[in-house]
Amino acid sequence: MPILTYPEADTPPPLRAQVLALQDEAWPQAVPSSGLSHDPALAPLSMLLVEDGVVLAALDVLRKDIEHAGRHLRAGGLSTVVTRRAARGQGHGHRLVSAAREAMPSYGLDLGLFTCDRPLAGFYEGAGWQVLPGTVLVGGTPDDPFPSDRPGFDKVTLAAFFTAKSRAAEPSFRAARIALHPGPIDKLW
């Protein structure tokens, strides 16, 4: 089964329609999704695991520059990770999340950094990501922050350090508050 990667806006319409349907199935909305899921300023890349024209699993990689502990780094994060309900439990999500981690350095990223619900941490760790204990991502904007430790959230932060520059900075990411600020559309990725 191939993994296909496209800029989100260039995903072929039949595949994009399937991705939107999977997202609506996983995260029902009052108004069905249409068009793009992410802020184009984050240069979203859609990765799709496809078999015979059917999207079995999908995720998006969002990208932006961050400043942390006096270092300028190019960060990317996973977003909207979803597996078709009928195809769950077959390793498709694991394969896709692992492939995304392996591909991210080729996108010019120094590190991967994102949050997930605490019960999903083991899934991501099994795909090569590491939990950063006590680390909080601060999303939203500087004027309207959206921290991952806000009341009612039970999030953990995961990371992968791809470059020598990010590996040198790794200790500063533990038990830290990281100003991600992806904007008002993708408050946290």
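These exercises walk through a predicted model of one protein.

**Exercise 1. Elements in order**

Task: State how many helices and strands the protein has, and in what order they run.

Solution:
- Step 1. Count the elements. The protein has 4 helices and 10 strands.
- Step 2. Start at the N terminus and read along the chain. The order is β-α-β-β-β-α-β-α-β-β-β-β-α-β.

**Exercise 2. Overall build**

Task: Decide what the radius of gyration of the protein says about a compact globule.

Solution:
- Step 1. Take the expected value. With 189 residues, a compact globule would have a radius of gyration near 16 Å.
- Step 2. Take the value of the model. The protein has 16 Å, so the two agree.
- Step 3. Add the spans. Along its principal axes, the C-alpha trace covers about 45 × 35 × 30 Å.
- Step 4. Look at burial. Of the 189 residues, 48% count as buried.
- Step 5. Look at contacts. Take those between residues at least 6 apart in sequence; 72% of them join residues at least 24 apart.

**Exercise 3. Surface and charge**

Task: Describe the accessible surface of the protein and its charged side chains.

Solution:
- Step 1. The accessible surface is about 8,600 Å². Carbon and sulfur atoms hold 55% of that surface.
- Step 2. There are 18 positive and 20 negative side chains.
- Step 3. Find the centre of each set. The two centres lie 4 Å apart.

**Exercise 4. Reading the sheet**

Task: Give the strand order of the open sheet, and explain why β1 and β6 each have one side without a neighbour there.

Solution:
- Step 1. The open sheet has 7 strands, in the order β1-β2-β3-β4-β5-β9-β6, and its pairing is mixed.
- Step 2. Go to the edges. These are β1 (3-7) and β6 (130-131).
- Step 3. Each edge strand has a single partner strand, so one side of each has no neighbour in the sheet.
- Step 4. Check a pair away from β1. Strand β5 (residues 111-117) and strand β9 (residues 155-161) run antiparallel, joined by 7 bridges. T115 faces T157 of β9.

**Exercise 5. Following L48 across strands**

Task: Find which residues stand opposite L48 in the pairings of β2.

Solution:
- Step 1. Place the strand. β2 covers residues 45-51, and 6 of its 7 residues are buried.
- Step 2. Turn to β1. It pairs with β2 in the antiparallel sense, over 5 bridges. Here L4 stands opposite L48.
- Step 3. Turn to β3 (residues 54-68). It runs antiparallel to β2, with 7 bridges between them. Here A58 is the bridge partner of L48.

**Exercise 6. Two unusual phi angles**

Task: For D52 and A175, work out the sign of phi, the place in the chain, and whether each is buried or exposed.

Solution:
- Step 1. Recall the usual case. Most residues other than glycine have a negative phi.
- Step 2. Test D52. Its phi is positive, about 50°, yet D52 is not a glycine.
- Step 3. Locate D52. It sits in the loop between β2 and β3. These strands form a hairpin with 2 residues between them.
- Step 4. Judge the exposure of D52. Exposed means over 50% relative accessible area. D52 has 77%, so D52 is exposed.
- Step 5. Test A175. Its phi is also positive, near 55°, and A175 is not a glycine.
- Step 6. Locate A175. It lies in the loop between α4 (164-169) and β10 (177-179).
- Step 7. Judge the exposure of A175. Its relative accessible area is 60%, so A175 is exposed.

Terms used:
Residues are numbered from 1 along each chain as its sequence is written. This is a predicted model: local features need pLDDT of at least 70, side-chain atom pairs count only at pLDDT 80 or more; totals for chains, interfaces and linings use all residues. Side-chain values use heavy atoms; hydrogens and water are left out. The radius of gyration is taken over C-alpha atoms; the globule rule is 2.2 Å times the number of residues to the power 0.38. Buried means under 20% relative accessible area, exposed over 50%, partly exposed in between (1.4 Å probe, protein chains only). Contact means heavy atoms within 4.5 Å. Accessible areas come from the Shrake-Rupley method with a 1.4 Å probe; for residues, only the protein chains shown count as cover. Lys and Arg count as positive and Asp and Glu as negative; His and the chain ends are not counted. The place of a charge is taken as NZ of Lys, CZ of Arg, CG of Asp or CD of Glu. Two strands pair if DSSP finds at least two bridges between them.
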